Amino acid sequence: MMSRSKIKQLEFESDTWKRQLAFMVDENIHMKARLVEVLKDKQNAPSLEAAEAFQNQFIEQDSVIGILRNNVAEFDCLLKREVLEDGMLVNRVFAKHKILEAALIAAKKKFDEMKGHFNQHVLEQQ
């Protein structure tokens, strides 16, 4: 059985992941709205190809975020089972934690790069 303090720490990290994902969802919504705004400005609008590429990236990010949210929810269920069962899940919990942590770090990095690229592109169009 995993110690209560370890479980508490893992729950804390899971909550942090959920907040990060919620922030990414919010930022993605703002970038979509900004793209629509920029497209309305006919003189400074990005090319249709660029706009479509950004829209596809935003959609891809929504998908990645959805998958990560589901994985975090599964991790939470695994943690609850660990609390209730005899501790045989400890290795699975830590393995899942490690995988999720790496996936979230990679997703955040890719998201930040996309966001930076989008903002830079919009700025250069002005």
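The expected span of a helix is 1.5 Å times one less than its number of residues. Helices are DSSP runs of H or I with at least four residues, strands are E runs of at least two, and both are numbered from the N terminus. This is a predicted model: local features need pLDDT of at least 70 and side-chain atom pairs count only at 80 or more, while totals for chains, interfaces and linings use all residues. Residues are numbered from 1 along each chain as its sequence is written, and side-chain values use heavy atoms, without hydrogens and water.

Q: How do you know what the 36 residues of α3 should span, and how far apart are its end C-alpha atoms?
A: At 1.5 Å a residue, α3 should span 52 Å. Its end C-alpha atoms are 52 Å apart, so the two values agree.

Q: Why is the pattern of the protein chain written as it is, and what is that pattern?
A: The chain has three helices and zero strands, and reading along the sequence gives α-α-α.

Q: What makes the protein chain spread out or compact?
A: Its radius of gyration (over C-alpha atoms) is 19 Å, well over the 14 Å that the globule rule (2.2 Å times the number of residues to the power 0.38) gives for 126 residues, so the chain is more spread out than a compact globule. The C-alpha trace spans about 65 × 20 × 15 Å along its principal axes.

Q: Why is Asp76 called buried or exposed?
A: Buried means under 20% relative accessible area, exposed over 50%, and partly exposed in between (1.4 Å probe, protein chains only). Asp76 has 13%, so it counts as buried. This residue lies in helix α2 and touches Ser14 and Lys18, leaving aside residues up to four places away in sequence; contact means heavy atoms within 4.5 Å.

Q: What makes up the largest nonpolar core?
A: Such a core is a set of buried Ala, Val, Leu, Ile, Met, Phe, Trp, Tyr and Cys residues joined through side-chain atoms within 4.5 Å. The largest has 28 residues, and Leu21, Phe58, Phe75, Val93, Leu104 and Phe118 have the most contacts inside it. Helices α1 (4-40), α2 (48-84) and α3 (90-125) each supply at least two of its residues. Leu21 touches Ile65, Leu68, Arg69, Val72 and Leu104, again not counting residues up to four places away in sequence. From α3, the buried residues include Val93, Leu104 and Phe118.

Q: What makes Lys32 and Asp62 a salt bridge?
A: A salt bridge is a side-chain nitrogen of Lys or Arg within 4 Å of a carboxyl oxygen of Asp or Glu. Here the N to O distance is 2.4 Å, and the two side chains meet in a salt bridge. Lys32 lies in α1 and Asp62 in α2, so the pair ties together parts 30 residues apart in sequence. With 23% relative accessibility, Lys32 counts as partly exposed, and Asp62, at 30%, is partly exposed too.

Q: How do you know that Glu74 and Lys96 meet, and where do they lie?
A: Their side chains form a salt bridge at 3.1 Å, N to O. The pair links distant parts of the chain, with Glu74 in α2 and Lys96 in α3, 22 residues apart. Glu74 is partly exposed at 44%, and Lys96 is partly exposed at 22%. Asp15, Lys18 and Asp76 are joined into one network by salt bridges that share partners.
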